[in-house]
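Q: Could you take me slowly through how the strands are put together here, and where the ligand fits in? I'm in my first year, so please explain the terms as you go.

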Amino acid sequence: MTTPESAVYPPSEDIVKNAHVNAAKYDEMYAQSIENPEKFWAEQAERIDWIKPFTKVKNVSYDFGNVDIKWFEDGQLNVAANCIDRHLETRGDQTAIIWEPDDPSDEAKHISYKELHLRTCRMANILESMGVGKGDRVVIYLPMIPEAAYAMLACARIGAIHSIVFAGFSPDALAARINGCDAKVVITADEAPRGGRKTPLKSNADAALLHCKESVKCLVVRRTGGQTTWIDGRDHDYNEMALEANDYCKPAAMDAEDPLFILYTSGSTGQPKGVVHTTGGYLTYAALTHEVTFDYHDGDIYWCTADVGWVTGHSYIVYGPLANGATTLMFEGVPTYPDAGRFWAVCEKHKVNQFYTAPTAIRALMGQGTEFVEKYDLSDLKLLGTVGEPINPEAWNWYNDVVGKGKCPIVDTWWQTETGGHLMTPLPGAHATKPGAAMKPFFGVEPVVLDPQSGAEIDGNGVEGVLCIKDSWPGQMRTVWGDHERFEKTYFSDYKGYYFTGDGCRRDADGDYWITGRVDDVINVSGHRMGTAEVESALVAHAAVAEAAVVGYPHEIKGQGIYCYVTLMNDREPSDELLKELRQWVRTEIGPIASPDVIQWAPGLPKTRSGKIMRRILRKIAENDFGSLGDTSTLADPSVVDDLISNRANKG
Ligand code: WTA
């Protein structure tokens with residue numbers, strides 16, 4: 001492992017000269033943002049068009065039992081009007097969205113701000129005609145097609161709250177989310193092409209809707225023209241309705257604290273929780289971070305490879321870039337189709353300036369050799385970014401040397417679904433970068449390193465602990481949908497008075513931050529966040545399984561893999577068929593992204609005398625690290641551990 005101080009890459013003079021924020025400006029702005037957040041954020045919020053200006057900037061309580069977070073609370077605005085209408089006069093014909101389809105031989109689309117306005121208004125009118133109004137929930141289950149952006153913005157326009165479900169989730173997971181937020185409408189497509197294969201989204205939605213209220217309606221976008229079953233009255237044809245829909249829909253005046261969207265994400269316990277983001281603070285924060293972190297300038301072509309099903313797609317494909325009047329690229333496909341050069345082919349084709357992706361993709365492509373990159377002209381690239389998981393120095397160096405040719409700063413952006421936008425990242429014109437470090441807090445963010453046991457702040461440099469944030473920033477989540485108590489308990493109860501991130505971190509000798517990974521039972525598989533508890537509950541729902549414990553283990557490409565210890569019912573015997581069946585079972589229950597990498601049969605699990613599973617031991621065994629199992633004498637039956645070690649699955 002490279003030591004933190006071993007490699008430092010200062011920004012080039014050229015970059016510093018042209019950047020929105022250089023080192024002196026960062027220091028000045030950061031100091032202001034901490035010393036006088038009210039003034040700082042009132043100024044920053046001027047980048048947004050307000051229907052009714054706010055007079056109160058910040059009203060926040062982190063007191064456990066009374067956590068309450070409000071920004072710009074008496075202001076009113078509309079997010080869609082900020083992302084579209086206000087650009088029409090100056091950049092109506094400029095491309096807002098470049099859409100690159102899964103199949104490179106299909107034609108890319110260039111959607112201007114004018115067209116985006118038209119499509120969004122029509123979609124908004126369609127939703128209204130289906131009975132959707134202010135505050136109603138709409139679930140979006142779509143491929144990466146422009147209609148996904150229209151749908152998000154249409155909801156925002158009429159004040160409906162969207163909840164996007166990643167198209168890789170199963171019907172069961174979709175149903176849980178539709179029911180979780182009591183959605184009125186689900187927007188889906190016939191099929192989702194990805195990597196040359198098609199996922200039958202409409203049939204998945206049909207299967208999900210069997211478990212939902214009969215009143216839930218379905219709006220279906222035609223993507224492939226593939227056959228779908230149709231239920232009259234419930235199913236609505238988007239393409240037909242768009243022909244008839246009115247071209248204008250008035251944007252609703254929304255309170256700054258009205259919810260904009262719900263996004264389900266995994267926690268360390270139980271089922272996924274609905275993270276709620278609101279309107280004014282979220283948009284201000286997404287727009288500011290997009291401009292500053294990526295050093296976005298007018299006319300740049302910006303590409304974030306995420307899916308709109310994740311928070312990265314919300315903040316950095318749609319809301320941040322469009323609020324800034326940017327040109328944002330939306331990619332339907334995968335990095336390895338038709339071959340491992342696809343990302344770079346798209347960069348060349350559309351002259352991409354800023355490119356933002358996940359370490360797992362970089363690791364996968366790195367293994368395919370440099371010739372896939374070298375074939376393409378990447379001279380338009382100015383900046384590279386990563387998100388979602390720690391990046392290992394090898395992948396960082398490859399990204400820097402082979403893709404960036406040593407001339408593009410790499411912003412390693414650390415943040416979470418809960419944070420709405422970047423909380424720590426180097427800024428390209430202000431900071432040196434170090435392979436694997438998230439480096440510096442963003443404006444208004446005050447990270448603290450706490451002792452995990454005592455909860456005391458650890459001062460100074462060269463220290464490590466759990467990462468908490470003092471005070472609030474405008475993009476912060478406000479609550480868990482329908483369960484404010486869970487919100488408080490998850491983020492504000494372990495370390496009172498702080499927002500607890502669930503991550504560990506190190507502040508190195510220079511005072512720069514390194515994220516060391518989750519300290520809870522959340523794992524990060526190919527940049528996708530997963531709760532081990534979710535996989536466990538999927539496994540125990542199978543009739544053959546008596547008990548299951550799931551942990552993460554280091555995986556060369558995925559970052560972390562899913563390692564499952566499974567205890568079978570007395571009358572069941574382990575077999576390869578059952579193993580395959582369980583793997584398929586989890587894919588059906590949650591989705592392919594939760595597919596177990598390793599299943600080890602476990603006649604018993606290590607438990608304390610009070611019955612608590614000792615996950616620490618299971619993690620060590622999964623990591624093949626038997627030397628540091630710690631004290632096993634408190635276990636009810638210490639021999640279980642020997643058995644697990646001697647039978648450790650010889651895989652992964
Ligand atoms: C991890 C994705 C290291 C972290 C935006 C966090 C990272 C979780 C980084 C949130 C990074 C995200 N370096 N770790 N640059 N970015 N993480 O909610 O563990 O899907 O808590 O949000 O991903 O994942 P989520």
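**Strands, and then the ligand**

A: Let's start with one pair: strand S6 (residues 137-141) and strand S7 (residues 161-164) run parallel and are joined by four bridges. Two strands pair if DSSP finds at least two bridges between them. Helices (H or I, at least four residues) and strands (E, at least two) are DSSP runs, numbered from the N terminus. The model is predicted, so local features need pLDDT of at least 70 and side-chain atom pairs pLDDT 80 or more, while totals for chains, interfaces and linings use all residues. Residues are numbered from 1 along each chain as its sequence is written, and side-chain values use heavy atoms, with hydrogens and water left out.

Zoom in on that pair and you'll find Arg137 opposite Ile161 in S7. Now zoom out: S6 and S7 belong to an open sheet of eight strands with mixed pairing, in the order S12-S11-S8-S6-S7-S14-S15-S23. At its edges stand strand S12 (235-237) and strand S23 (479-480); each has a single partner strand, so one side of each has no neighbour in the sheet. Helix H9 (residues 201-209) lies across S6, strand S8 (185-189), strand S11 (217-221) and S12 (contact means heavy atoms within 4.5 Å). H9 runs at about 155° to S8, where axes are lines fitted to C-alpha atoms, for helices over the stretch in contact, and angles run from 0 to 180 degrees between N-to-C directions.

There's also an open sheet of seven strands, ordered S5-S4-S17-S16-S18-S19-S20, again with mixed pairing. Strand S5 (109-112) and S20 take the edges here, each with a single partner strand, so one side of each is left without a neighbour in the sheet. On average, neighbouring strands of this sheet are turned by 20° against each other, direction ignored. Inside it, strand S4 (residues 95-100) pairs with strand S17 (residues 327-331) in the parallel sense, over four bridges. Glu100 has Phe331 in S17 as its bridge partner.

Follow the chain into the loop between S17 and helix H13 (342-350) and you reach Pro338. Tyr337 and Pro338 are joined by a cis peptide bond, with omega about -5°.

Now for the ligand. Of the 17 residues around it (a heavy atom within 4 Å), Asp412, Thr413, Thr417, Asp503 and Arg529 come nearest. As for polar contacts (N or O pairs within 3.5 Å), a ligand nitrogen is 3.1 Å from a polar backbone atom of Gly388. A nitrogen of the ligand is also 3.4 Å from a polar backbone atom of Glu389. An oxygen of the ligand lies 2.9 Å from an N or O atom in the side chain of Gln416. Alone, the ligand has 530 Å² of accessible area (Shrake-Rupley, 1.4 Å probe), and the protein covers 95% of that. Edge strand S20 (410-413) turns up again: along with helix H12 (311-323) and strand S25 (513-518), S20 gives two or more residues to the shell.

Note on methods: Polar contact = N/O pair within 3.5 Å; in protein donor to acceptor, adjacent residues only side chain to side chain.
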